[in-house]
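Welcome! Let us take a walk through this structure together, one step at a time.

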Amino acid sequence: MLNFVCSVVSYLANSVWEVPLIAVSGWAASRILRRLGPRVEHVVWVSILALAVVTPALPLWRWASGWITGSAGSEHLSSSLIAGDG
């Protein structure tokens with residue numbers, strides 16, 4: 001249950017800054033491509049909507065794919081300090 005709550009909070013936190021950024025980018029692209037017609041403008045907005053839904057969930061998919069393959073938490077970092085007389 002804790003993982004589900006963390007996933008929802010992560011999605012919401014990511015969407016707070018990513019969705020407005022995507023929306024502004026989509027608005028700019030729509031303004032630039034407006035003269036190509038309503039069909040192109042519609043494709044731009046549908047793409048922006050899909051990006052706004054999917055992009056905040058990308059960290060969750062990365063975590064889930066690691067969990068499914070069994071490599072979640074198996075990454076170990078190490079550091080070494082070597083001192084010598086110089």
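A good place to begin is Ser30, which counts as buried because its relative accessibility is 3%, and the cut-off for being buried is under 20%. Keep in mind as you look that this is a predicted model. Ser30 sits in helix 1, which covers residues 2-33. Leaving aside residues up to four places away in sequence, Ser30 touches Glu41, Val44 and Trp45.

Now follow helix 1 back to Asn14, which also belongs to that helix. With a relative accessible area of 16%, Asn14 is under the 20% cut-off and so counts as buried. Its contacts, again not counting residues up to four places away in sequence, are Pro56 and Pro59.

What about Val16, another residue of helix 1? Val16 is exposed, because its relative accessible area of 62% is over the 50% cut-off. Pro56 comes up again here: Val16 and Pro56 are 40 residues apart in sequence, yet their C-alpha atoms are 8.8 Å apart in space.

Next, turn to helix 2, which takes in residues 38-54. How far should its 17 residues span at 1.5 Å a residue? The expected span is 24 Å, and the end C-alpha atoms of helix 2 are 24 Å apart, so the two values agree.

Which residues of helix 2 are buried? They are Val44, Ile48 and Ala52. These buried residues cover an arc of only 70 degrees around the axis, which means that they lie on the same side of helix 2. There is a general reason to expect such a pattern: an α-helix has 3.6 residues a turn, so residues three or four places apart point the same way. Val44 is already familiar as one of the residues that Ser30 touches. On the face of helix 2 turned away from the buried side you will find the exposed residues Arg39, His42 and Leu49.

Finally, step back to see the whole chain. It has three helices and zero strands, and from the N terminus on its elements run α-α-α. Of its 86 residues, 17% count as buried. Among contacts between residues at least 6 apart in sequence, 59% join residues at least 24 apart. As for the surface, the chain exposes about 7,200 Å², and carbon and sulfur atoms supply 69% of that area.

Methods:
Residues numbered from 1 in each chain as written. Predicted model: local features only at pLDDT ≥ 70, side-chain atom pairs only at ≥ 80, totals over all residues. Heavy atoms only, no water. Helix = DSSP H or I, 4+ residues; strand = E, 2+ residues; numbered from the N terminus. Buried < 20%, exposed > 50% of the residue type's maximum accessible area, 1.4 Å probe, protein only. Contact = heavy atoms within 4.5 Å. Expected span 1.5 Å × (residues − 1). Arc of directions from axis to C-beta. Areas by Shrake-Rupley, 256 points an atom, 1.4 Å probe, with all protein chains shown as cover.
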